Amino acid sequence: MSDTDSTSQSDTLRTPIVAVLGHVDHGKTSLLDKVRGSAVSDGEAGAITQHIGATAVPLETVSQMAGALVNPDDFDLPGLLFIDTPGHHSFSTLRSRGGALADIAILVVDVNDGFQPQTEEAIDILKRTGTPFIVAANKVDTTPGWNPQQGEPIQKSLEKQSKRAKSKLDESLYQLIGELSDKGFSSDFYWRVQNFQKNIGVVPVSALTGEGIPDLLGVLMGLSQRYMKDEMAIDVAGPGYGTVLEVKEERGFGATLDVVLYDGTIHAGDTIVVGGANEPIVTEVRALLQPRPNAEIRTEKRFDKVDEVRAAAGVKIAAPDLEGAMAGAPVRVVGDRDVDEVIREVEAELADIEVTTEEEGVVVKADTLGSLEAMANALQEAEVPILRAEVGDIAPRDVAVASTAREPEHKVILGFNVDVLSNAEDELDKNDVKLFEDDVIYQLIDEYEEFVDEMKRAQQ
Ligand code: GDP
């Protein structure tokens with residue numbers, strides 16, 4: 001993915017970026033909390049670093065937590081960077097040149113619940129973006145008769161379970177392996193996997209007891225070191241490349257960007273180009289901010305200013321004119337290049353986002369570029385044509401556009417994770433435009449398809 005020469009002097013290995021996906025309530029947040037919590041309780045202060053939107057776990061901490069599974073001498077990657085917001089929504093937002101921003105994903109599946117709609121959706125996204133992943137088979141502690149074993153690799157812990165507990169869990173795990181196979185992925189218990197590029201490693205874990213978490217970290221670290229090292233080589237001294245995670249209003253700073261930086265370095269004072277809703281924004285970094293450790297929510301000083309940030313990292317950028325920036329858009333430091341060249345690069349990257357629009361179809365609004373792209377893909381699969389697709393809340397203009405559709409089934413706006421501006425509400429009725437809103441893509445499309453079916457039935 002990186003276009004840097006792997007023999008270059010300035011090449012440095014960056015931290016792999018890890019995202020957590022899975023169905024609601026399967027334990028994504030708990031898993032992330034457990035990783036962060038165990039890192040803090042296992043190590044000294046500084047065991048982890050809280051970034052904006054991400055948590056960095058350095059190699060020493062990973063190895064402390066993973067014990068015999070990770071010998072730091074065998075690794076030269078600096079650790080793991082976990083994206084704090086789990087779910088495929090943020091995963092699709094975090095896109096970079098050529099695909100997903102996350103280098104590797106953890107798909108969390110509740111062993112009792114198996115594959116659910118959002119598990120399927122996550123798998124489809126991982127498949128489409130070609131993101132390597134491992135499966136955290138979570139909640140093993142809920143297996144009837146489970147006997148928690150702290151501080152052991154999960155494989156050992158499994159050996160110490162009663163026959164009944166073990167066979168019950170095995171049943172669920174094999175079912176999971178079967179479900180993955182139905183989706184076209186060959187998988188196995190992680191300790192039996194020889195090649196993690198060919199086989200998905202399944203790691204039984206409990207985000208509650210912490211069992212299996214060391215294994216999970218060990219597998220992530222090993223997999224990145226073995227198969228992704230070349231992609232982690234970056235020109236750290238070069239200009240920073242990042243992706244906007246969120247555009248946020250902050251008191252005292254105005255509109256700011258939460259950014260994940262995946263290449264190079266960004267400095268306070270740098271000129272940057274950011275993808276905007278209308279055109280690229282060219283501005284100068286006023287401040288780079290990191291969360292102040294132990295800051296109270298209500299205190300004014302929630303952030304520390306830093307002079308520079310190196311990839312991979314999460315950082316908040318304060319700069320003038322950021323209001324029109326889009327979540328999911330690229331951020332580039334200009335450095336000593338020509339600013340017009342960088343603007344063209346940003347434009348090209350935005351144009352890469354495949355949303356095919358036609359002369360007849362529905363209007364789609366989504367909160368981020370990534371979700372817009374995901375919606376467009378899903379609609380294409382469902383053979384629903386798109387008239388216009390844009391990032392942003394639903395405005396009267398969108399209603400006006402939707403009302404120009406010829407077919408009644410296309411006089412529709414599909415809103416993913418967006419608000420309806422109050423002056424647009426009245427327009428909907430007046431123009432006989434139907435609005436569907438949801439924050440789960442497949443549900444949104446299901447609702448729309450049901451509406452179309454009903455309409456067709458009514459016409460017969
Ligand atoms: P998310 O929606 O995927 O982020 O799921 P959460 O992390 O919020 O977890 C959903 C519920 O499952 C919460 O009540 C958690 O306490 C519970 N939970 C998560 N992981 C485990 C686990 O390993 N064991 C048990 N027993 N409960 C868990």
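The following paragraphs describe two sheets, the helices packed on them and the largest pocket of a predicted model.

Residues are numbered from 1 along each chain as its sequence is written. In this predicted model, local features need pLDDT of at least 70 and side-chain atom pairs count only at pLDDT 80 or more, while totals for chains, interfaces and linings use all residues; side-chain values use heavy atoms, with hydrogens and water left out.

Helices (H or I, at least four residues) and strands (E, at least two) are DSSP runs numbered from the N terminus, and two strands pair if DSSP finds at least two bridges between them. One open sheet has eight strands in the order S3-S4-S5-S2-S8-S9-S11-S10, with mixed pairing. Its edges are formed by S3 and strand S10 (187-189); each has a single partner strand, so one side of each is left without a neighbour in the sheet. Within this order, strand S2 (residues 17-22) pairs with strand S8 (residues 104-110) in the parallel sense over five bridges, and Leu21 stands opposite Leu107 in S8.

Contact means heavy atoms within 4.5 Å; axes are lines fitted to C-alpha atoms, for helices over the stretch in contact, and angles run from 0 to 180 degrees between N-to-C directions. Helix H4 (residues 117-129) lies across S2, S8 and strand S9 (133-138), at about 160° to S8. Helix H6 (residues 163-182) lies across S8, S9, S10 and strand S11 (200-204), and runs at about 160° to S10.

Another open sheet of eight strands is antiparallel, in the order S17-S16-S22-S13-S14-S21-S18-S19. Strand S17 (281-284) and strand S19 (303-306) are its edge strands, each pairing on one side only. On average, neighbouring strands of this sheet are turned by 40° against each other, direction ignored. Strand S16 (residues 271-274) pairs with S17 over four bridges in the antiparallel sense, with Val274 opposite Ile281 in S17. Helix H8 (residues 339-351) packs on the sheet, where it touches S13, strand S14 (254-263), S16, S17 and strand S22 (330-333), and its direction makes about 160° with that of S22.

A pocket is an open set of points on a 1 Å grid over the protein atoms alone, where a 1.4 Å probe fits, with protein on both sides within 12 Å along at least five of seven lines; lining residues have an atom within 4 Å of a point. The largest pocket has a volume (the space filled by probe spheres set on the points) of about 1100 Å³. It is lined by 44 residues, of which Ile52, Gly53, Thr85, Lys248 and Asp258 are the closest to its centre. Strand S3 (49-50), helix H3 (88-93), strand S13 (241-250) and strand S18 (287-291) each give two or more residues to the lining, and S13 gives the most, with five.
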